[in-house]
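Biologist: Could you take me on a close look at one part of this model, the aromatic pairs, and then show me what sits around them? I would love one connected answer.

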Amino acid sequence: MTKDQLIEEAIKMREKAYVPYSKFPVGAALVTKSGKVYTGCNIENAAFPVTCCAERVAIFKAIADGEVVFSEMAVAAETKRPVPPCGSCRQVMSEFFDPKMRIHLTNLEYEIKTVSVEDLLPFSFQPEDLLSD
Ligand code: THU
């Protein structure tokens, strides 16, 4: 799976988004080290905060399927600049992805910004921080 193919998967997933409230579809595509692709779209709820972003849907699908080693992710939305992931998604990325893993953020004009997980969320709270000794 090339970077361009992963981006196309993310763009295509916007069609599956459940966004009756924001009308703002987002798509995500996550590839594992073994080459398996997990896609996600945002899924909203009448109780607005219950909404789950496209990125977390893709990550949770992969985790629930037993995957733990990831290589790249793409996120797409119709934005003026490459779509910036929300803070909650950045925290979830930092839990499961290597700090150096690349995330390709794009809009529909294919303005692509590739960043690392640690670029998105430096000094993130980590599982090790729960250990007191
Ligand atoms: N959203 C995502 O799915 N991913 C992002 O990176 C930004 C925001 C969703 C949440 C909500 O359904 C809609 O976009 C508007 O915030």
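Modeller: Happy to; here is a walk through the aromatic pairs, then the cysteines, then one asparagine.

This is a predicted model, so local features need pLDDT of at least 70 and side-chain atom pairs count only at pLDDT 80 or more, while totals for chains, interfaces and linings use all residues. Residues are numbered from 1 along each chain as its sequence is written, and side-chain values use heavy atoms, with hydrogens and water left out.

Searching the whole structure turns up two aromatic pairs. Rings of Phe, Tyr and Trp (its six-membered ring) pair if their centres lie within 6.5 Å; planes under 30 degrees apart count as stacked, over 60 as edge-to-face and the rest as tilted. Tyr21 and Phe48 make a tilted pair, because their ring centres are 5.5 Å apart and their planes are at 45 degrees. Tyr21 is in the loop between α1 (3-13) and β1 (26-32), and Phe48 is in the loop between β2 (37-41) and α2 (54-64), so this pair ties together parts that are 27 residues apart in sequence. Helices (H or I, at least four residues) and strands (E, at least two) are DSSP runs, numbered from the N terminus.

How accessible are these rings' residues? Buried means under 20% relative accessible area, exposed over 50%, and partly exposed in between (1.4 Å probe, protein chains only). Tyr21, at 39%, is partly exposed, and Phe48, at 55%, counts as exposed.

The other pair, Phe70 with Phe97, is edge-to-face, with 5.4 Å from centre to centre and 65 degrees between the planes. Phe70 belongs to strand β3 (residues 70-77) and Phe97 to the loop between α3 (87-96) and β4, so the pair ties together parts that are 27 residues apart in sequence. Phe70 and Phe97 are both buried.

Now the cysteines. The structure has zero disulfides (a disulfide is a pair of cysteine sulfur atoms within 2.5 Å). For Cys41, the nearest cysteine sulfur is that of Cys52, 9.6 Å away. Cys52 has its closest cysteine sulfur in Cys53, but 6.4 Å is too far for a bond. Cys41 is buried at 7% relative accessibility, and Cys52 is buried at 18%.

Finally, Asn107 lies in the loop between β4 (102-106) and β5 (112-116). Asn107 is buried, with a relative accessible area of 0%. Leaving aside residues up to four places away in sequence, Asn107 touches Ala77, Thr79, Lys80, Arg81 and Pro82, where contact means heavy atoms within 4.5 Å.
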